[in-house]
Amino acid sequence: MRYFILTALLAATPAAAQQFNTDLELVLLADASGSIDDDELIFQRQSYATAITDPDVLDAISNTLYGSIAVTYVEWAENTAAVVDWTIITDEASATAFAEALIGPPRAVYGRNAIGGALLDGMRMIESNNYVGFRRVIDFSGDTMGNSSGPPITLARDEVVAANITINALPILRNGGFGGDDLVELYTDNIIGGDGAFVVPAETGAAFAESVKRKLVLEIAGLTPETELAAVE
């Protein structure tokens, strides 16, 4: 009788509660604060959409053990919002579907910076999804070190790393912008952490899309740049 009851309960468990194995759980945590205008926000989304469908990225996915990654695209400012929810990407078709979903939605958030809170939100998104990955990574991008509200950045980083989640960073370098070239060092010292954590800096414009692609390939393959601060070619 107990066996029958247990079997019945398992059969009644919703499919959404099941967990699925994958190689990588990846949060793409993109800057949508006040320093990013609407044109820049659209350009960022297009760059990630182009990168996720690039043959080099698809090859990196196909060469993982499970041949898949779970990815979500989240924008951050004073709070966070998922633009594209958790999606399994295995091939060109699933990557294209993710890319198309990324381009359409209106701006999700706007306002001042809360980097510490954004990192903790990224952690919660990983810990509450239905996927079990060999690696868990937050891919943080931004053009500032501002933290006007929420927990301190380094305390949030340490909490995320303690949860066995790696934080990589893509500092967006602007001429005359906050931090300038120093932003690379600031992100290295205060934001990245965990196994194999690294920084890939990106200039605004065409170089940004190439940097996004390079960073995705490294993260999916579980590699790190030859140098801790990888130069954009």
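This is a chat about the sheet, a helix pair and the largest pocket of a predicted model.

Reader: Okay, let's start with the sheet. How many strands form it, and in what order?

Author: Six strands, in the order S3-S2-S1-S4-S5-S6. The sheet is open, and its pairing is mixed.

Reader: Which strands stand at the edges?

Author: Strand S3 (80–89) and strand S6 (202–203). Each has a single partner strand, so one side of each is left without a neighbour in the sheet.

Reader: Does anything pack on the sheet, and what does helix H7 touch there?

Author: Helix H7, residues 182–190, packs on the sheet and touches S4 and S5. The direction of H7 makes about 165 degrees with that of S5.

Reader: Back to the edges. Do S5 and S6 run parallel or antiparallel?

Author: S5 and S6 run parallel, joined by two bridges. If you want a spot to click on, Ile-172 stands opposite Ala-202 in S6.

Reader: And at the other edge, S2 and S3: parallel or antiparallel?

Author: Antiparallel, with seven bridges joining strand S2 (residues 69–76) to S3. There, Glu-75 stands opposite Ala-81 in S3.

Reader: What joins S2 to S3 along the chain?

Author: A hairpin, through three residues.

Reader: New topic: helices. At what angle do H3 and H8 pack?

Author: About 5 degrees, and the axes of helix H3 (residues 55–62) and H8 are 9 Å apart. Angles under 35 degrees count as roughly parallel, so H3 is roughly parallel to H8.

Reader: Which residues make that contact?

Author: From H3, they are Asp-56, Val-57, Ala-60 and Ile-61. H8 brings Lys-213, Leu-216, Val-217 and Ile-220. Sorted by kind, six residues of the contact of H3 with H8 are nonpolar, none are polar and two are charged.

Reader: Cool. Last thing, the largest pocket: how much space lies in it?

Author: About 240 Å³. The largest pocket is lined by 16 residues, and the closest to its centre are Arg-135, Arg-136, Val-137, Thr-166 and Asp-195.

Reader: Which helix or strands each supply at least two residues of that lining?

Author: Strand S4 (131–142), strand S5 (166–173) and helix H8 (206–221). The largest share comes from S4, with five residues.

Reader: So how many of the lining residues are nonpolar, polar or charged?

Author: Five are nonpolar, seven are polar and four are charged.

Conventions. Residues numbered from 1 in each chain as written. Predicted model: local features only at pLDDT ≥ 70, side-chain atom pairs only at ≥ 80, totals over all residues. Heavy atoms only, no water. 1 Å grid on protein atoms, 1.4 Å probe; cavity = no way out; pocket = protein on both sides within 12 Å on 5 of 7 lines; lining within 4 Å. Points joined across faces, edges and corners; volume = space filled by probe spheres on them. Helix = DSSP H or I, 4+ residues; strand = E, 2+ residues; numbered from the N terminus. Nonpolar A, V, L, I, M, F, W, Y, C, P; charged D, E, K, R; others polar. Pairing = 2+ DSSP bridges. Contact = heavy atoms within 4.5 Å. Axes fitted to C-alpha atoms, helices over the stretch in contact; angles between N-to-C directions. Parallel < 35°, antiparallel > 145°, perpendicular 65-115°, else oblique.
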